[in-house]
Structure formats: C-alpha cells, structure tokens
Amino acid sequence: MDFVKRLYERFASLVHELAKFGSIGALAFVLDTGVYNLFLLGLEWGPLTSKVLATTISSTFAYVGNRYWTFRHREQSGLRREYFLFFLLNGIALLFGLLVIGFAKYTLHLHDGLSLNIANILGVGLGTLFRYWSYKKWVFLEATDPIPVELPDSGVRQDR
C-alpha cells in the first residue's frame with residue numbers, strides 16, 4: 001500500500017492535469033461533434049467546411065477552459081502568444097481530422113453520416129494526442145516560480 005501511495009504522490013499533479021484536460025476535451029468534443037453534425041447533416045454543408053467551422057468554435061472553448069482551469073498553475077506567457085500558438089497547434093491538429101474525413105469521403109467514397117462521424121472521431125482522437133503534447137511543450141509552460149500551496153502568513157495574530 002505504501003508503494004501505491006508513493007506512486008500517487010509522484011504522479012498526482014499529472015493525474016489531476018490529465019483529468020482536467022480530459023474534462024475540457026470531452027466538453028469540446030461534444031461541442032465539436034454537435035456543431036459538425038449541425039453543419040453537415042442539418043445545413044448539408046460539406047464535411048470539410050463543417051469540420052473547419054466546428055473545430056474553430058470548439059477550439060475557442062477549449063482555449064478558455066485549458067488556460068483558466070487545466071493549466072492555470074503554469075506560467076502565463078502573454079495572451080497573444082498563447083492564443084496564437086494555441087490556434088496554430090489546433091490548426092495542425094485540425095489537419096489530422098481533415099485528412100481522416102477526406103480519406104473516408106474522397107478515397108473510400110463513404111458519404112453517409114455514420115461513416116463521416118466515425119472518421120471525425122478518429123481524427124479528433126489523433127488530434128487530441130498531438131494537442132496535449134504540444135500545449136504542454138509550447139503553449140502552457142511550466143511555472144518558473146513555485147506556486148504557493150497556502151496563503152502567505154500576513155503577520156496578523158488572531159486571538160481566540
């Protein structure tokens with residue numbers, strides 16, 4: 001049992017960070033998939049156009065969630081820099097989705113909603129792996145100063 005406790009203590013921050021990233025990602029996935037289907041099936045737009053617009057909307061949501069919740073303990077290197085890098089990296093991740101959807105539609109000639117949604121989910125999965133790695137590496141950097149666990153002592157004595 002001691003081993004499990006030490007293992008947890010060693011990886012607790014990573015586990016919590018992954019849980020938060022996964023929560024934001026799950027909500028962004030639902031948003032992305034819902035908007036994708038609205039444009040693709042509801043408005044009958046093309047699958048690639050639908051994917052670009054859905055990703056733009058869900059990425060904006062994900063940026064806010066990741067910056068102000070998942071990675072809030074990390075160094076803030078400026079909104080412009082982070083926002084630019086975040087969307088640049090999301091653009092690269094979007095390419096994974098577009099390639100999978102494009103392959104399904106134009107190479108395999110799968111035009112039905114189910115096939116295009118499966119392709120979308122596969123592309124999102126590949127993009128998610130890339131995004132997690134790249135956000136930690138380039139967007140939400142490690143804090144250079146340790147973040148205090150408790151509030152600093154104010155020096156004011158309180159009698160009970």
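Is H109 buried or exposed? H109 counts as exposed because its relative accessibility is 54%, where exposed means over 50% relative accessible area, buried under 20% and partly exposed in between (1.4 Å probe, protein chains only). The model is predicted: local features need pLDDT of at least 70, side-chain atom pairs count only at pLDDT 80 or more, and totals for chains, interfaces and linings use all residues. Residues are numbered from 1 along each chain as its sequence is written, and side-chain values use heavy atoms, with hydrogens and water left out.

**Loop residues with positive phi**

Most residues other than glycine have a negative phi. H109, although not a glycine, has a positive phi of about 60°. E44, likewise a residue other than glycine, has a positive phi near 60°. The table places both residues; helices (H or I, at least four residues) are DSSP runs, numbered from the N terminus.

| Residue | Loop | Relative accessibility |
|---|---|---|
| E44 | between α1 and α2 (47–70) | 68%, exposed |
| H109 | between α3 and α4 | 54%, exposed |

**Nonpolar cores**

A nonpolar core is a set of buried Ala, Val, Leu, Ile, Met, Phe, Trp, Tyr and Cys residues joined through side-chain atoms within 4.5 Å. The largest one has 10 residues: V35, Y36, F39, L40, A54, V100, I101, A104, L116 and A119. At least two residues of this core come from each of α1 (2–42), α3 (79–107) and α4 (113–139). With four residues, α1 supplies the largest share of this core. Another core, of nine residues, lies apart from it and includes F21, A62, Y132 and Y135.

Contact means heavy atoms within 4.5 Å. Leaving aside residues up to four places away in sequence, L116 touches Y36, L40, P47, I101, K105, L110 and H111. By the same count, L14 touches Y132 and K136. L14 sits in helix α1 and counts as partly exposed because its relative accessibility is 33%.

**Packing of α2 and α3**

The axes of α2 and α3 are 9 Å apart, and the two helices pack at an angle of about 145°. Axes are lines fitted to C-alpha atoms, for helices over the stretch in contact, and angles run from 0 to 180 degrees between N-to-C directions. The crossing of α2 past α3 is right-handed, a term used if the near helix is turned clockwise from the far one by less than a right angle. The contact of α2 with α3 involves 14 nonpolar, seven polar and four charged residues. Here Ala, Val, Leu, Ile, Met, Phe, Trp, Tyr, Cys and Pro count as nonpolar, Asp, Glu, Lys and Arg as charged, and the others, Gly among them, as polar.
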